[in-house]
There are 4 protein chains.
Amino acid sequence: MLKVGIVGGTGYTGVELLRLLASHPQAEVAMITSRGEEGVAVADLYPNLRGHYDLCYTVPDVEQLSSCDVVFFATPHNVAMQMVPDLLSAGTRVVDLSADFRIRDAAVWSEWYHETHACPDLLAEAVYGLPETNAEAIKSAKLVACPGCYPTAIELGFLPLLEQKMVDPKQLIASAASGVSGAGRQAKVDNLLAELDGSFKAYAVNGHRHLPEIEQELAIAAGDHVGLTFTPHLLPQVRGIHATLFSQLTDPAVGLDELHFAFEQRFALAPFVDVMPLGSMPQTRSVRGSNVCRIALHRPQNRSTIVVLSVIDNLVRGASGQAIQCMNLMFGQPETAGLDGIALMP
Amino acid sequence: MLKVGIVGGTGYTGVELLRLLASHPQAEVAMITSRGEEGVAVADLYPNLRGHYDLCYTVPDVEQLSSCDVVFFATPHNVAMQMVPDLLSAGTRVVDLSADFRIRDAAVWSEWYHETHACPDLLAEAVYGLPETNAEAIKSAKLVACPGCYPTAIELGFLPLLEQKMVDPKQLIASAASGVSGAGRQAKVDNLLAELDGSFKAYAVNGHRHLPEIEQELAIAAGDHVGLTFTPHLLPQVRGIHATLFSQLTDPAVGLDELHFAFEQRFALAPFVDVMPLGSMPQTRSVRGSNVCRIALHRPQNRSTIVVLSVIDNLVRGASGQAIQCMNLMFGQPETAGLDGIALMP
Amino acid sequence: MLKVGIVGGTGYTGVELLRLLASHPQAEVAMITSRGEEGVAVADLYPNLRGHYDLCYTVPDVEQLSSCDVVFFATPHNVAMQMVPDLLSAGTRVVDLSADFRIRDAAVWSEWYHETHACPDLLAEAVYGLPETNAEAIKSAKLVACPGCYPTAIELGFLPLLEQKMVDPKQLIASAASGVSGAGRQAKVDNLLAELDGSFKAYAVNGHRHLPEIEQELAIAAGDHVGLTFTPHLLPQVRGIHATLFSQLTDPAVGLDELHFAFEQRFALAPFVDVMPLGSMPQTRSVRGSNVCRIALHRPQNRSTIVVLSVIDNLVRGASGQAIQCMNLMFGQPETAGLDGIALMP
Amino acid sequence: MLKVGIVGGTGYTGVELLRLLASHPQAEVAMITSRGEEGVAVADLYPNLRGHYDLCYTVPDVEQLSSCDVVFFATPHNVAMQMVPDLLSAGTRVVDLSADFRIRDAAVWSEWYHETHACPDLLAEAVYGLPETNAEAIKSAKLVACPGCYPTAIELGFLPLLEQKMVDPKQLIASAASGVSGAGRQAKVDNLLAELDGSFKAYAVNGHRHLPEIEQELAIAAGDHVGLTFTPHLLPQVRGIHATLFSQLTDPAVGLDELHFAFEQRFALAPFVDVMPLGSMPQTRSVRGSNVCRIALHRPQNRSTIVVLSVIDNLVRGASGQAIQCMNLMFGQPETAGLDGIALMP
């Protein structure tokens, strides 16, 4: 039985780790931390957990956490980097759901997160936790940096096209929309139901923090520099990311069937990527609560612009589910352990 | 392995049976029927099932269905009653999620459903499928009539008070609200998102079909005639029933602690009833996707009106989950098999 | 042209005053205050006002405000009471949308609002601003205390029954539900879309601050003590209050037609109360953005429990619209001036 | 007083015409038709109209309609074209909200609407009812073809860029999202709240009927062929269109200020286009119920891709409001008559 610790357990990715791990046959949550809610039972904060967990929040303590086999960081950025070096020294492996170790270049990280990185030496060691590209490295990783929610949906949707050099890497556009749980459980006027319900808007159009991460990973896939215009939007709903991806065929003679086949081949062995039949238009509810990413391809009017649609649940595949998928790989568990729940639909 | 058949598989309770049974360790769906969607893969209609089911809808056929150990009817009323006699004769046990066998008195049934009952002889044999009152009878039942969604939430909330004669059975009021999935997957203008979103209304104030069923069961609990005013409302959300129950203490000297203790005692062994601590106010999302009914008690201003709050997921505890709970009892399975999923929150 | 001042202009009732007054033929907003947003243009905070207002928020100043004919307080409690005495002395009339002057008894006020009342002497002078009961007094009032949102919906629904002594004033039940804009524009985790969307709950079951106000006004209508159980709920929508009111007929021989006629008579001259035809079930969207209260009556199963359904827009009839209606009466304007907008439906 | 007739009055654009025209100082609705609801009061179908209209639906009759000064068609396609020739012959002017006269080329129309056009001769005479491009022609038009909802939002957002040849007309991308009221009031399973709430999806990715209309109008603006990839999405909300428009600068040396100035100049005299300050991200709720189109410009990372955000209320500026704006121009009324309502926010 894997002994699991969770740092930052009051936010939505923390409670989602608890929900998913409750059904994991080989993992057990031994401790969960929160400075603000010390001593409070997790089931008092999240009544869906009543009857499933007796745990109370404790103050994060590296010594205690290092008794775990693996520690998840479900924290804002700049928390994990303060504790990870000590945990790794103690032999505890880490899965970080925050942004601290996703970007290879400490200078780029500082530019977007407005902090100095606390342990830039670890950036080279950290493995980017997208199982569809890095499964082997994840298996032996001590420190996994889980992708952000937008990056997961967007990278999976562009990967086959870029790897096969089927589209121009310089002209990528991602128009994506997220449920508001992606903004976390902070008290902000902007995220009140009274501000958001029945309305839709773009945000961070001039530069979302996920942009450098996405461009970094797409460049690896393309083997070339990429140029991405990324426009995020906020949906009046709780969960779900929908990415609508536009790219330009390098060879207009390539048929849609061929593109579709490339996707099917690329993800043939991926248990959590569903390449849908031609003509499909995935809904975010089809992955609500599940770890699956569903992808569909279109070529409108048979012109040279390819439209890829990619949906995930931002809290599962975009965060806690993917983190558990990485943990499974790290500890020799079946990749799907604890993650076979079916999406709630309707 | 139990061999399961589902009649009426295109509606929301049908797909919810599939979702839940996919994680049941001892049951397997062998066939699922739909006249309208014959030959269509269930995963084409409900993409959340992609990768989990290869089944296609077939036309309902009693002979084929009778090869199953148990058949669920996830149909409108007046379907099950046409097929159940033959299935029972063939030795197949039946769990009916529709209204056909819930009401003991065929005349009352006809009054509310405007049809003649096709097999009134079976009404005495049918067991009302509320495990908290009828577990023993369900175990040996050939035919179980699963309670409606409103009845489940309302009956569980009133039961201890009536059984202990703590409140006046003649002055019961239930103000309840349901998510719109309770209205099913029929094409109706009234249930369009454009008609319902951002709005709230009462409906069927002068007589909802669940009224006679609720009064029948509450009368059994009270050992007396009951008088219930039942006002249903429609919520701008997909899932969830919230019942706000008002009743008058027979003895105002009885304290709230005493009432609360009565609830805890009554449901001490019920795996799917959560009597919450005093002061609680359950949210429907705390049971979204789960089979739990959460109940809280209040006595405002220490007056003689008791307020009970009761929430369920109408598609799980109010339909498909409760049906599986009954199946588990009927076939000697653990009562919670396939039903231990945690509610999706947020 | 009436010169209008608004204190507390950043909240939802403040912006709603601006929206409604923009179409008022005889009133003009001269100043609007906010300590936190001093110097900010109202149209920067609320872009729906772009092109309609050039006003910027100023710091509240009694001397400047006293140059207005009327000042609206769209503030939390305990703000108006600090400034109203000086404004009245300066001859400026006041319409208070907050709770400061609604309750006649300063001791009761203190019990529910946990403050000492700053000017209890004014409580006798303040006129409760429900035009359907107090129109004459409002006309000459210097200080109008506008009813709360729940009180407006509930009082209008019970008034005719209590005034005509048709129901037992000791056994009143109000199960009401509100859109979340009623909770204001404060940054609170509980009111995030991620916490509320797709969910429903009761709150403040043991005592909502509107209870003493409602009981006070219903007692005046009944000419007797009243006993009300009031259970508020929170809807996953922005606007609207729906009150479901239960009461017991004193004389079961009275017919529903007679009750309905009493309502029609009572509100025959009220421009903003719509007594709907028998059988109606009003939706909150039917009053979205409008000052109308729609009411319908039911007598389920012809028993002795009467069910009244009453809907308003909490920000219009429950706050800013009703405040303008009072202003119209105070200054000899047509009661409907600025308030004839039709509800947005769908 | 203009005498107005409305054909097709039960749908959402019909009731929106009624809502808006109720506040028009110089227009009066004389008749409104519906085959299905003949004899029914409009206020029975849409209770928000109670107290504002006594009209009942009548069967459409050209002779009666020709007594009107202007007739609006708020119908599906293929209705107006059957009646317009006779109305024009009778001297009645027509504003068609449907698709019948938007496309110049009858062959293109047939290709997308799968019908033969009933009066192709009128296509040349019909004026495309976008006041910002065609105000003069609209003033003298007998027959105005109002733009679709997506076309209005998208064309206004691209116009200045294309007219000034600032972007490449061959590489236009529009990722747009609509509230579900755009799908009308038809009973369809796909548009049930239970199917859409809490979810988001693209639809008609391979070819939405609005595509040829948009390309036709953008080509006029560009004075050149255009290539547009148009991806519509469905929002879990009632009203609002949000268009996110991507285009490529022809001269990367042009600054964002210059582009912004071009927009301000282009719409300086347009009462219903709001070019927002640089940095803005318009929300659909900022135009809910209003006739305004709000537009904002961005140039992420100072690269060559320009992002324009454009929001309208699909039922007002995307349909009924724009139709009234055209009527105002046709009959010498102030362009804003009946259209000065402020958006409902929150």
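**Entry 1: chains B and C**

I began with the area shared by chain B and chain C in this predicted model, and I find that the two chains bury about 3,700 Å² between them, with 51% of it on carbon and sulfur atoms. The contact draws on 48 residues from chain B and 48 residues from chain C.

I then looked up the charged pairs, and the count between chain B and chain C comes to four salt bridges. One that I noted in detail joins B:Arg303 to C:Glu215, where the closest N and O atoms are 2.9 Å apart. For polar contacts across the interface of chain B and chain C, I have 27 residue pairs, both residues being at pLDDT 80 or more.

Next I asked myself which elements of chain B each supply at least two residues of the side that touches chain C. I listed strand E7 (172-178), helix H8 (193-196), strand E8 (201-202), helix H9 (210-222), strand E9 (228-234), strand E10 (241-248) and strand E13 (305-312) of chain B. Sorted by class, the residues on that side of chain B are 20 nonpolar, 19 polar and nine charged.

**Entry 2: chains C and A**

I turned to the contact between chain C and chain A, which takes 19 residues from chain C and 19 residues from chain A. The area buried here is about 1,600 Å², and carbon and sulfur atoms give 67% of it. In chain C, I see that C:Leu192, C:Leu193 and C:Ala194 lose the most area to chain A, together making 36% of what that side buries.

Between chain C and chain A I count two salt bridges, one of which pairs A:Arg185 with C:Glu195, their closest N and O atoms being 3.6 Å apart. Four residue pairs are in polar contact across this interface, with both residues at pLDDT 80 or more. Helix H8 (residues 193-196) of chain C gives the most to the side of chain C that touches chain A, namely four residues, and that side consists of ten nonpolar, five polar and four charged residues.

**Entry 3: helix H1 of chain C and C:Arg19**

I looked up how well helix H1 (residues 12-21) of chain C is covered, and found that nine of its ten residues are buried. Among the buried residues of H1(C) are C:Tyr12, C:Glu16 and C:Arg19. What covers them includes helix H8 (193-196) of chain A, and from chain C itself strand E1 (2-7), strand E2 (27-33), helix H2 (42-45), strand E3 (70-73) and helix H11 (316-330).

I wanted to know why C:Arg19 is classed as buried. Its relative accessible area is 13%, and since buried means under 20%, C:Arg19 falls in that class. I therefore checked its partners: the side chain of C:Arg19 makes a polar contact with the side chain of C:Glu16 at 2.7 Å, and the backbone oxygen of C:Gly289 lies 3.1 Å from a polar atom of the C:Arg19 side chain. Leaving aside residues up to four places away in sequence, C:Arg19 touches C:Leu49, C:Arg239, C:Gly289 and C:Val316, and also D:Ile342, D:Ala343 and D:Leu344 of chain D.

**Entry 4: helix H10 of chain C**

In helix H10 (residues 256-266) of chain C, I noted C:Leu259, C:His260, C:Ala262 and C:Phe263 as the buried residues. Seen down the axis of H10(C), these buried residues fall within an arc of 155°, so they line one face of the helix. As a general point, an α-helix has 3.6 residues a turn, so residues three or four places apart point the same way. On the other side of H10(C), C:Asp257 and C:Gln265 are exposed. The cover over the buried residues of H10(C) includes helix H7 (149-163), strand E11 (273-275), strand E12 (293-298) and strand E13 (305-312) of chain C.

**Entry 5: backbone details**

I finished with the backbone. The peptide bond from A:Met345 to A:Pro346 is cis, with omega near 10°, and A:Pro346 sits in the segment after helix H11 (316-330) of chain A. A cis peptide bond also joins B:Met345 and B:Pro346, where omega is about 10°, and B:Pro346 is placed in the segment after helix H11 (316-330) of chain B.

A:Lys165 is not a glycine, yet it has a positive phi of about 55°; A:Lys165 lies in the loop between helix H7 (149-163) and strand E8 (172-178) of chain A, and A:Lys165 is exposed, with a relative accessible area of 53%. I also recorded a positive phi, near 75°, for C:Asn78, which is found in the loop between E3 and helix H4 (80-89) of chain C.

Note on methods
Residues are numbered from 1 along each chain as its sequence is written. Chains are lettered from A and ligands numbered from 1 in the order in which they are written. This is a predicted model: local features need pLDDT of at least 70, side-chain atom pairs count only at pLDDT 80 or more; totals for chains, interfaces and linings use all residues. Side-chain values use heavy atoms; hydrogens and water are left out. Contact means heavy atoms within 4.5 Å. Buried area is the accessible area (1.4 Å probe) that two parts lose on being put together, summed over both. A salt bridge is a side-chain nitrogen of Lys or Arg within 4 Å of a carboxyl oxygen of Asp or Glu. A polar contact is a pair of N or O atoms within 3.5 Å; within protein, one must be able to donate a hydrogen and the other to accept it, and residues adjacent in sequence count only if both atoms are side-chain atoms. Ala, Val, Leu, Ile, Met, Phe, Trp, Tyr, Cys and Pro count as nonpolar, Asp, Glu, Lys and Arg as charged, and the others, Gly among them, as polar. Buried means under 20% relative accessible area, exposed over 50%, partly exposed in between (1.4 Å probe, protein chains only). The arc is that of the directions from the helix axis to the C-beta atoms.
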